[in-house]
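Trainee: Please take me slowly through one part of this structure, beginning with a single residue and working outward from there.

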Amino acid sequence: MTLPDANQPAHRQSTERIRIFDTTLRDGEQSPGVALNHSQKLEIAHTLSRLGVDVIEAGFPIASPGDLEGVSRIAREVRGPVIAGLARANKADIEAAAKGVEAAEKPRIHTFIATSPIHMAKKLNLEPDAVVERAVMAVTLARSFVDDVEFSAEDATRSDWDFLARILGAAVEAGATTLNVPDTVGYTTPEEMRKLFAFLKEQLPAHIILSSHCHDDLGMAVANSIAAVEGGARQIECTINGIGERAGNASLEEIVMAFHTRKDFYGFETGIHTREIYRASRLISRLSGMPVQPNKAVVGDNAFAHESGIHQDGVLKARETYEIMNAELVGREAAVLVMGKHSGRAAFRKALTDLGYEDMPDDKVQYLFGRFKDLADRKGQIYSDDLRALVESRADVPQTFSLEGFQITSGMNMTPVAFVRLQTPDGPVDATAHGDGPVEAAYSAIAKITGLNPELESYRLQAVTKGDDALGEVSITARYGEKLLSGTGVATDVVEASARAWVRVMNMIVAGMGSERREGEMAPGRI
Ligand code: KIV
Ligand code: ZN
């Protein structure tokens, strides 16, 4: 392939490895409205490990006892990547982070303090010398717990470059091994970022890993991260689907696929198993309740769809005419027909294995097989996306209640009435209720049966497969006392998907699950 511009660098001869530091569970979890419970965090961490990230930032342990426990569980149970806990530059934060990551195979404490004039004066109310002192104290304390310490200069891109070099140098002397230079407010540009990293690389010892952490306020987070690498960064902090504070963080899948697809140009590679990308994206979207926009690069619904006749014609003749990467490379198959209603259990398990769900316990396969049969009866042909949607809505919550059946009566000028039957520990129980709409009526009937009446905070419906008989996925967030719970339900019928999501929330309440963070409220110590 020829490069369009003679001023561009020549093709690279060798490749260098860029570390991927995933902060979906920390910066990503700071996205407004996202509240993940412990088992969801653990599931995400296992997925990230399987994806091949180098570092998982598992959370901000000082924020709440729940956050500390979330980080500790990941540290205990997830092997492979470095597990990092975030801490501001103070004793309590660092001690909490140390406790959070203590059981990790490869623990890291990530401590930070702001270095821009506006943050130092208005937020910290500290003189620059005092900020350097705090940074040195924090890194020194962190090093007393772990060997791997990362130091971040918050709002680095609006900081004075000489001061930045000074504080980063002091952090290295105190024992920091990775230095992160965040574009906290998404303000920088690719050219500026490349120059800043080249400048810092000159000032700092060669063995130190420089890291970028870019926010997307001006839509340049991915470009800025790549520019940082061109300037000398060898770690990139990013999130799946680009979720994160405000406009989000640099998106992992876009960075990874840019390096992969344009290896000829950049000459860098990552350790990411690209075929796991789509599954990770789907999981994060489902658990965070944040839909992926259809035209999102790499993981959006339309990223590999060709609509115009000219493009379709070209793709049929040779895919490379309009595709620079193929869907399989990121774990998305073109809608492959998998099975139908006559398929047996063995074929079903094989299809799950082919989709990457190898180690699923028998009872889960059994449960999914029942749901698959119901679906095949109604839908006929089952595609890989249908199967994936079924698996992703699987019962990882103890099934105190399960939906047995329902009937809705509604029409113009009629109040919708729902008849619902749930299987309960006391056997099947029926209830009838009305509501402003069919979903509300079904929810009231379920509340009557379970005796639980959480408050619905958000409701989102999304088609997860294509066609008239597409599967719909309903994601809801509900509040029960102090707890926030998220549930999803998948079905071809919208009311059924909604009812499944609601029943799941009921089961979570009974199992004592849910996050204690109140929406709109900053957890203590949240950044
Ligand atoms: O955006 C930022 O500056 C951060 C730091 C805590 C690394 O998230
Ligand atoms: Zn950030």
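Mentor: Let us start with Arg246, which is partly exposed at a relative accessible area of 43%; on this scale buried means under 20%, exposed over 50%, and partly exposed in between, computed with a 1.4 Å probe on protein chains only. Before going further, keep in mind that this is a predicted model, in which local features need pLDDT of at least 70 and side-chain atom pairs count only at pLDDT 80 or more, while totals for chains, interfaces and linings use all residues. Residues are numbered from 1 along each chain as its sequence is written, chains are lettered from A and ligands numbered from 1 in the order in which they are written, and side-chain values use heavy atoms, with hydrogens and water left out.

Arg246 forms a salt bridge with Asp217, their closest N and O atoms being 2.7 Å apart, where a salt bridge is a side-chain nitrogen of Lys or Arg within 4 Å of a carboxyl oxygen of Asp or Glu. The pair links distant parts of the chain, since Arg246 sits in the loop between E9 and helix H9 (252-261) and Asp217 in the loop between E8 and H8, 29 residues apart. Helices (H or I, at least four residues) and strands (E, at least two) are DSSP runs numbered from the N terminus. Asp217, at 32% relative accessibility, also counts as partly exposed.

The loop between helix H8 (221-231) and strand E9 (235-238) holds Arg234, and Glu16 lies in strand E1 (residues 16-17), so that pair ties together parts that are 218 residues apart in sequence. Their side chains meet in a salt bridge at 2.8 Å, N to O; Glu16 is partly exposed, with a relative accessible area of 41%, whereas Arg234 is buried at 17%. A search of the whole structure finds 28 salt bridges, and among the residues involved, Arg26, Asp27 and Glu57 are joined into one network by salt bridges that share partners.

Asp27 brings us to the metal, because the zinc ion (ligand 2) is coordinated by Asp27 (OD), His213 (NE2) and His215 (NE2) at 2.0 to 2.1 Å, donors being N, O and S atoms within 2.8 Å of the metal (3.2 Å for Na, K and Ca); water is not among the atoms, so the site may look incomplete. Along the chain these donors follow the spacing D-x185-H-x1-H. Asp27 lies in the loop between strand E2 (19-22) and helix H1 (38-51) and His213 in strand E8 (residues 209-214), so the pair ties together parts that are 186 residues apart in sequence. Both Asp27 and His213 are buried.

Strands E2, E8 and E9 belong to a closed barrel of eight strands that runs E2-E3-E4-E5-E6-E7-E8-E9 with parallel pairing, two strands being paired if DSSP finds at least two bridges between them. The twist averages 25 degrees from one strand to the next, where axes are lines fitted to C-alpha atoms, for helices over the stretch in contact, and angles run from 0 to 180 degrees between N-to-C directions. Within the barrel, strand E3 (residues 55-59) and strand E4 (residues 82-88) pair in the parallel sense over four bridges, and the bridge partner of Gly59 in E4 is Gly85.
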